[in-house]
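Trainee: I would like a close look at one part of this model. Please take me through the place where the helices meet, and what lies around that place.

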Amino acid sequence: METEQAKNIVEQAWEQRDALTPDSTGEKRQAVEFALNGLDSGELRVCENDDGDWTVNQWL
């Protein structure tokens with residue numbers, strides 16, 4: 001899974017969050033696992049500094 005794909009899935013799932021359950025599976029679960037693994041490894045960051053300008057990756 002690529003970052004942009006995971007971002008889109010997570011954002012869509014957030015919009016439909018009332019329909020999510022602990023048993024939700026499929027691409028939503030894979031996207032969340034991708035995000036968590038990326039955060040744990042340091043590959044993904046909630047905030048990034050780009051030459052003094054901070055970007056917040058809200059989807060994370």
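Mentor: The account below goes from the whole chain to the helix contact, then to the core and one buried residue. This is a predicted model, in which local features need pLDDT of at least 70 and side-chain atom pairs count only at pLDDT 80 or more, while totals for chains, interfaces and linings use all residues. Residues are numbered from 1 along each chain as its sequence is written, and side-chain values use heavy atoms, with hydrogens and water left out.

The protein chain has two helices and two strands, in the order α-α-β-β along the sequence. Here helices (H or I, at least four residues) and strands (E, at least two) are DSSP runs, numbered from the N terminus. The C-alpha trace spans about 40 × 20 × 15 Å along its principal axes.

Helix α1 covers residues 3–15 and helix α2 covers residues 27–41; their axes come within 9 Å and cross at roughly 120°. Axes are lines fitted to C-alpha atoms, for helices over the stretch in contact, and angles run from 0 to 180 degrees between N-to-C directions. The two helices are therefore oblique to each other, since angles under 35 degrees count as roughly parallel, over 145 as roughly antiparallel, 65 to 115 as roughly perpendicular and the rest as oblique. On the α1 side, the contact (heavy atoms within 4.5 Å) is made by Thr 3, Ala 6, Ile 9, Val 10 and Ala 13, and on the α2 side by Glu 27, Lys 28, Ala 31, Val 32 and Phe 34. These residues divide into seven nonpolar, one polar and two charged. Ala, Val, Leu, Ile, Met, Phe, Trp, Tyr, Cys and Pro count as nonpolar, Asp, Glu, Lys and Arg as charged, and the others, Gly among them, as polar.

Ala 31 touches Met 1, Ala 6, Ile 9 and Val 10, not counting residues up to four places away in sequence. Ala 31 also belongs to the largest nonpolar core, which has seven residues: Ala 6, Ile 9, Val 10, Ala 31, Ala 35, Leu 44 and Trp 59. Such a core is a set of buried Ala, Val, Leu, Ile, Met, Phe, Trp, Tyr and Cys residues joined through side-chain atoms within 4.5 Å. Its largest share, three residues, comes from α1.

Asn 57 lies in the segment after β2 (53–56). Asn 57 counts as buried because its relative accessibility is 16%; buried means under 20% relative accessible area, exposed over 50%, partly exposed in between (1.4 Å probe, protein chains only).
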